[in-house]
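The exercises below are to be worked with the sequence and the model open side by side. Each task is followed by a solution in steps.

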Amino acid sequence: MVSLTFFSSASSLSSSPSKIVKSSLDFELKKLGGCTKLVRNVNLEKLKNNYLFPEISRREVEHVKKHPNVQLISLGTGDTTEPIPKQITSDMSNVRFIVLLLFLIFICAFVGFHLFPNSSQHINRGQVYTIIKCVQFWTIQFAHALSTVEGYRGYGLEQGDKVLRKAIADTFYGHLHVKSNEVFVSDGAQSDISRIQLLLGSGVTIAVQDPTFPAYIDSSVIIGQTGNFHEATKKYQNVVYMPCGPQNSFFPDLSKTPRTDVIFFCSPNNPTGYVASKKQLHQLVEFAKTNGSIIIFDSAYAAFIEDGSPRSIYEIPGAREVAIEISSFSKFAGFTGVRLGWTIIPDELLYSNGFPIINDFHRIVTTSFNGASNIAQAGGLACLSPVGLKEIRSVINYYKENRKILMETLASLGLTVYGGINAPYLWVHFKGSKSWDVFAEILEKTHIITVPGSGFGPGGEEYLRISGFGRRDDMVEASRRLRSFFNTRTKHFPFLSSASNTN
């Protein structure tokens, strides 16, 4: 294992965000006119610094200004890059097929005919390469149809197109007894996190994995569930941080975890890349049932699971009584820009007084959301067609190969690399170093964007998250630059060259 210590350089990029960024809470007030009498939301005042990914983008812009002629490579934010395959585009370019399919969708809305019958096919048997090209053509045709009397569609159901809801239930949960009325189609998982927070309200207590996806914490702060931020611990009051690291196989010690109303849990995990086993999820579900808690289960990366681990919390007996599942087309289908996701609220999930939680979520959705774009939903149906699912897998496999290239490179340098088997992310340990310093030095010396682990919570300090999303030539070039960089640095720092990967 490499033991490197990264020291702050003269560049301001190596400083921690709190020292270099004048966030919305700490800016120099410039009076542009009279103030209103509206008092600022006190919960927004609690937020510490900028949200992680805009902060990384800010530093990226700063770096490009400083080095305008370099080729910047991003191994950071989890944005997909690969287009939908031409095979799908050509298959979908039969206009008569498009017209027929749109006609069937129209009929489905009225007579309940299900375009996509029950199927036990899992996500990992699909091919992600379909999605960008297939949807590109599909949405163009659908958009053109909107200019005709026959093809025009206005407001749809806030909960989502009935045919798409049925297709999601059958494709991903056909063997798990999820009903189409329990599926709420949305404009993405991150938006649904905020709607779930609106459902939960400010009076609940929450627990999160540490490290964790920052949207869980920030949305909890905004809705008013937390206390103030403690600089010394890097934690918010009234939040239970469940350590998930190498010391406990990245799964929390539930025997030491106090009861909370809500448990946010992501598997495969962002950022660590770890997936919970069936045994572990059994423990989590039993823990929630014993404590009367609700699990918010984020399965956005389920398509990358390849070792037989559960892709849905509902694979665990009893989970329908204690869990809400959030998922997305973004990473599964390359819809990071198209924006489409879904949330499952089982009928059996009840408040303490026996009232169905699904009823309240239905009210929130119909009040605060006019439904996902009908063009995006048409693209979602294309993804879940037999052709779409077949092609999608090739894109996922492409990203898995990227991940393998990076993993082999980092391990060959003696770095300890976690995750990366069932997820697109690698969780790389730099013992004794500050993650923002490592981020800054790698950016300055190699022109590669990564993500500092401390942005995911105190448990992420000393780590970087590195993503397999990107073009193959960028992965190869990034590997070359990293080899050159670390081979140079190890001449100056003692280390144990025992390359390892653990998952």
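The protein has 16 helices and 16 strands. The model is a predicted one. Of the 503 residues, 54% are buried. Among contacts between residues at least 6 apart in sequence, 78% join residues at least 24 apart.

**Exercise 1. The open sheet**

Task: Establish the strand order of the open sheet of 7 strands, and state which strands stand at the edges.

Solution.
Step 1. The order is β2-β10-β9-β8-β7-β3-β6, and the pairing is mixed.
Step 2. β2 (183–186) and β6 each have a single partner strand, so they stand at the edges and one side of each has no neighbour in the sheet.
Step 3. From one strand to the next, the twist averages 20°.

**Exercise 2. Pairing at the two ends of the order**

Task: For the pairs β3 with β6, β2 with β10 and β9 with β10, decide whether the strands run parallel or antiparallel, and find a residue pair where one is available.

Solution.
Step 1. Strand β3 (residues 206–210) and β6 are parallel and are joined by 5 bridges. Alanine 207 is opposite valine 240 in β6.
Step 2. Between β2 and β10 there are 4 bridges, in the antiparallel sense. Here valine 183 is opposite isoleucine 344 in β10.
Step 3. Strand β9 (residues 323–328) and strand β10 (residues 341–344) are also antiparallel, with 4 bridges. Serine 328 has glycine 341 in β10 as its bridge partner.

**Exercise 3. Burial of the edge strands**

Task: Determine how far β6 is covered, and whether the faces of β2 are covered or open.

Solution.
Step 1. In a regular strand, side chains alternate between the two faces of the sheet.
Step 2. In β2, Val183 and Val185 are on one side and Phe184 and Ser186 on the other. These residues are all buried, which means that both faces of β2 are covered.
Step 3. Strand β6 (residues 239–243) has 4 of its 5 residues buried and is mostly covered.

**Exercise 4. Salt bridges**

Task: Starting from arginine 195, identify its salt-bridge partners aspartate 187 and aspartate 192 in the model and assess their burial; then treat glutamate 477 and arginine 481 likewise.

Solution.
Step 1. The structure contains 20 salt bridges.
Step 2. Arginine 195 pairs with aspartate 187, with the closest N and O atoms 3.0 Å apart. Its salt bridge to aspartate 192 also has an N to O distance of 3.0 Å.
Step 3. Arginine 195 and aspartate 192 are 3 residues apart in helix α8 (residues 189–200), which means that about one helical turn separates them.
Step 4. Buried requires a relative accessible area under 20%. Arginine 195, at 10%, is therefore buried, and aspartate 192 is buried too. Aspartate 187 has 24% and is therefore partly exposed.
Step 5. Glutamate 477 and arginine 481 form a salt bridge of 2.9 Å, N to O. Both are in helix α16 (residues 472–489), 4 residues apart, or about one turn. Arginine 481 has a relative accessibility of 11% and so counts as buried.
Step 6. Elsewhere, Lys179, Glu182, Arg320, Asp347 and Glu348 belong to one network of salt bridges with shared partners.

**Exercise 5. A helix pair**

Task: Classify the packing of α14 and α16 from the angle between their axes.

Solution.
Step 1. The axes of helix α14 (residues 386–412) and α16 come within 10 Å and cross at roughly 5°.
Step 2. Angles under 35 degrees count as roughly parallel. α14 and α16 are therefore roughly parallel to each other.
Step 3. The residues of α14 in contact include Tyr398, Ile405 and Leu406, and those of α16 include Met475, Ser479 and Leu482.

**Exercise 6. Backbone exceptions**

Task: Locate the cis peptide bonds before proline 211 and proline 268, then examine phi at arginine 339 and histidine 447.

Solution.
Step 1. Most residues other than glycine have a negative phi, and most peptide bonds are trans.
Step 2. The bond from aspartate 210 to proline 211 is cis, with omega near 10°; proline 211 is in the loop between β3 and α9 (214–223).
Step 3. The bond joining serine 267 and proline 268 is cis, with omega about -5°. Proline 268 is in the loop between β7 (262–266) and α10 (278–291).
Step 4. Arginine 339 has a positive phi, near 70°. It is in the loop between α11 (330–333) and β10 and is partly exposed at 29% relative accessible area.
Step 5. Histidine 447 has a positive phi, near 60°, and is buried at 17% relative accessible area.

Conventions:
Residues are numbered from 1 along each chain as its sequence is written. This is a predicted model: local features need pLDDT of at least 70, side-chain atom pairs count only at pLDDT 80 or more; totals for chains, interfaces and linings use all residues. Side-chain values use heavy atoms; hydrogens and water are left out. Buried means under 20% relative accessible area, exposed over 50%, partly exposed in between (1.4 Å probe, protein chains only). Helices (H or I, at least four residues) and strands (E, at least two) are DSSP runs, numbered from the N terminus. Two strands pair if DSSP finds at least two bridges between them. A salt bridge is a side-chain nitrogen of Lys or Arg within 4 Å of a carboxyl oxygen of Asp or Glu. Axes are lines fitted to C-alpha atoms, for helices over the stretch in contact, and angles run from 0 to 180 degrees between N-to-C directions. Angles under 35 degrees count as roughly parallel, over 145 as roughly antiparallel, 65 to 115 as roughly perpendicular and the rest as oblique. Contact means heavy atoms within 4.5 Å.
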